[in-house]
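Reader: I should be grateful for a close look at one part of this protein, the part where its strands pair, and for an account of how that part relates to the rest of the chain.

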Amino acid sequence: MAERPRVYKTEGIILRRRNLGEADSIFTVLSAHEGKFDAIAKGVRKTRSRMRGHLEPLTRSRLLLARGRSLDVFTQAETVAPYRAIRDDLERSATAIYCAELADRFTIEHAENPGLYELLLAALEALDGGSPPGAVARYFELHLLSLMGYELQLDACAACRGRLEPVETLLSANAGGLVCERCRAKAGAGRLLGVRAMKVLRYARNVDIGAFGEVRLDQALAKELEGAMAEVISHFLEREPRARRFLEIVAALPGRENALAPGIVESEQGP
Ligand SMILES: [Zn+2]
């Protein structure tokens, strides 16, 4: 068997950081070809560390790593995209943290998923480029589910495959999508979606994230979609994403122009 090279290059998005000892940090990275992995950056918390700025959570970086006995070790890091517009806006930051958390929690280590990498990249680019955060989050949730094998059935009843009428319809994670009126009682928990919300979800499935960001959602419709998708995500994750609480706090703030303190992006705990 050929020996794996001791040093390798990859490009990735930093999902989160946790500190180790006095000066080291472990970073969780979602990469294009190596899947998700943890690696250690030695001395990165020292002020003189050259890697420090290139390993901030939510940064897209080119990475050079050395294979380690348990954890691989970063030897070089170079920022490809710092996403400054995300960092400068609390709502965009909170949404990006939420997407990164979902990407982290829905995956296992070293399972290659280029589609997920592309999706997270597209979400960060859209947030950085000014797309509405709510639309980015809904798009991300819907496509993440598809990539993870939980694609929601939106065209026919998820239980009986029967036709869906253009009326208020139950979205049930347990059933795997929209459920017709006859199947509603046995479908389990879910949220009733209006016709407009159903159309928005179908549209999100069929266009790219940039086009979806152009859709104007009024507040009631945005709330309806947010609540319904939150329930679906929690069902498959079997827990509440931690970042959702942060999103709620941000949404309740009167002004949203405050810059994000760097510490808020950090996560000290594992999943
Ligand atoms: Zn049915």
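Author: In this predicted model, strand E1 (residues 7–20) pairs with strand E4 (residues 60–66) in the antiparallel sense, over 7 bridges. Within that pairing, Thr-10 stands opposite Leu-63 of E4. Strand E4 also pairs with strand E5 (residues 72–81), again in the antiparallel sense and over 7 bridges. Here Leu-64 has Gln-76 in E5 as its bridge partner. The link from E4 to E5 is a hairpin of 5 residues. As a general point, the side chains of a regular strand alternate between the two faces of the sheet.

The wider setting comes next. The protein is divided into domain 1 (7–81) and domain 2 (84–256). Taken over C-alpha atoms, the centres of domain 1 and domain 2 are separated by 29 Å. The contact takes 14 residues from domain 1 and 16 residues from domain 2. On the side of domain 1 that touches domain 2, the elements giving two or more residues are E1, strand E2 (24–31) and strand E3 (35–41). By class, this side of domain 1 has 6 nonpolar, 4 polar and 4 charged residues.

The two domains are also connected through the nonpolar core. The largest nonpolar core has 71 residues, and those touching the most other members are Cys-99, Ala-103, Leu-120, Ala-123, Leu-124, Val-136 and Val-179. Helix H2 (residues 90–105) gives the most to this core, with 9 residues. Because domain 1 (7–81) and domain 2 (84–256) both give residues to the core, it lies between them. In soluble globular proteins, nonpolar side chains tend to be buried together. Ala-123 offers a view of the packing: leaving aside neighbours within four places in sequence, this residue is in contact with Cys-99, Val-136, Phe-140 and Ile-209.

Helix H4 (residues 133–147) may be considered in its own right. At 1.5 Å a residue, its 15 residues should span 21 Å, and its end C-alpha atoms are 21 Å apart, which agrees. Of the 15 residues of H4, 13 are buried, so the helix is largely enclosed by the rest of the structure. After H4 comes Gly-149, whose phi is positive, near 90°.

The loop between H2 and helix H3 (114–128) contains Ile-108. A residue counts as exposed when 12 or fewer other C-beta atoms lie within 10 Å of its own; Ile-108 has 8 C-beta neighbours inside 10 Å and therefore counts as exposed. The C-alpha atoms of Ile-108 and Lys-36 are separated by 6.9 Å, although the two residues are 72 residues apart along the chain. Lys-36 thus returns the account to strand E3 (35–41), one of the elements on the side of domain 1 that touches domain 2.

His-110 is likewise in the loop between H2 and H3. With 10 C-beta neighbours inside 10 Å, His-110 counts as exposed. Its phi is near 60°, a positive value in a residue other than glycine. Most residues other than glycine have a negative phi. Glu-238, which is not a glycine, also has a positive phi, of about 60°. Glu-238 lies in the loop between helix H7 (219–237) and helix H8 (242–252), and it counts as exposed because it has 7 C-beta neighbours inside 10 Å.

Definitions and conventions
Residues numbered from 1 in each chain as written. Predicted model: local features only at pLDDT ≥ 70, side-chain atom pairs only at ≥ 80, totals over all residues. Pairing = 2+ DSSP bridges. Helix = DSSP H or I, 4+ residues; strand = E, 2+ residues; numbered from the N terminus. Domains from an automatic or database assignment. Contact = placed C-beta atoms within 7 Å. Nonpolar A, V, L, I, M, F, W, Y, C, P; charged D, E, K, R; others polar. Expected span 1.5 Å × (residues − 1). Buried ≥ 20, exposed ≤ 12 C-beta atoms within 10 Å, placed from the backbone. Core = buried A, V, L, I, M, F, W, Y, C linked by C-beta atoms within 7 Å.
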